[in-house]
Amino acid sequence: MAKASKVDHEFDPWKDRHDAIGRLLEAREAGKTLREAAAAAGVHVATVCRWAEVSDMLDYRLRVAARIGNRRGYDAKSKSSGDALF
């Protein structure tokens with residue numbers, strides 16, 4: 001029986017899945033849910049959660065992207081409803 005190969009480095013989503021991270025953050029900033037953003041990145045939402053557990057920077061960036069997406073959604077609703085913000 002062959003031994004499993006040893007990983008040469010610790011998994012880093014920023015390095016190992018850079019393209020997926022870009023699509024993930026872009027979708028979150030567009031207001032997509034975490035599940036929808038994960039699908040846009042081509043990964044399962046549980047995978048994104050695991051990545052965020054091992055990368056403090058990714059966890060932070062996901063939170064910021066969610067705030068941006070929420071703000072954009074709020075701004076769009078305010079403009080479409082004609083409500084004044086002040």
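A residue counts as buried when its relative accessible area is under 20%, and as exposed when that area is over 50%. Keep those cut-offs in mind for the views below, which show a predicted model.

**View 1. The whole protein is built from helices.** Welcome to the overview. The protein has five helices and zero strands, and along the sequence they give the pattern α-α-α-α-α. Of its 86 residues, 27% count as buried. The surface that the protein exposes comes to about 6,800 Å², with 52% of it supplied by carbon and sulfur atoms. Among contacts with a separation of 6 or more, 51% are between residues 24 or more positions apart.

**View 2. Phenylalanine 11 and tryptophan 51 form an aromatic pair.** Here we zoom in on two rings. A pair of aromatic rings is described by the distance of the centres and the angle of the planes. The count for this protein is one aromatic pair. In that pair, phenylalanine 11 and tryptophan 51 sit 6.1 Å apart, centre to centre, with 35° between the planes, so the pair is tilted: stacked would need planes under 30 degrees apart, and edge-to-face over 60. Phenylalanine 11 belongs to the segment before α1 (13-16) and tryptophan 51 to helix α4 (residues 45-54), so the pair ties together parts that are 40 residues apart in sequence.

**View 3. The two partners of the pair differ in how much of them is covered.** Tryptophan 51 has a relative accessibility of 6%, which is under 20%, so this residue counts as buried. Phenylalanine 11 has a relative accessible area of 40%, so this residue is partly exposed, between the cut-offs of 20% and 50%.

**View 4. Helix α4 has a buried side and an exposed face.** Let us stay with the helix that holds tryptophan 51. Its buried residues are Val45, Thr47, Val48, Trp51 and Ala52. They lie on the same side of α4, because they cover an arc of only 155° around the axis. An α-helix has 3.6 residues a turn, so residues three or four places apart point the same way. What does the face of α4 turned away from the buried side carry? There you will find the exposed residues Arg50, Glu53 and Val54.

**View 5. Arginine 35 and valine 48 come from two helices.** Arginine 35 is found in helix α3 (residues 34-41), while valine 48 is one of the buried residues of α4. The two are 13 residues apart in sequence, and their C-alpha atoms are 8.9 Å apart in space. Arginine 35 has a relative accessibility of 58%, which is over 50%, so this residue counts as exposed.

Conventions
Residues numbered from 1 in each chain as written. Predicted model: local features only at pLDDT ≥ 70, side-chain atom pairs only at ≥ 80, totals over all residues. Heavy atoms only, no water. Phe/Tyr/Trp six-rings, centres within 6.5 Å; stacked < 30°, edge-to-face > 60°. Helix = DSSP H or I, 4+ residues; strand = E, 2+ residues; numbered from the N terminus. Buried < 20%, exposed > 50% of the residue type's maximum accessible area, 1.4 Å probe, protein only. Arc of directions from axis to C-beta. Contact = heavy atoms within 4.5 Å. Areas by Shrake-Rupley, 256 points an atom, 1.4 Å probe, with all protein chains shown as cover.
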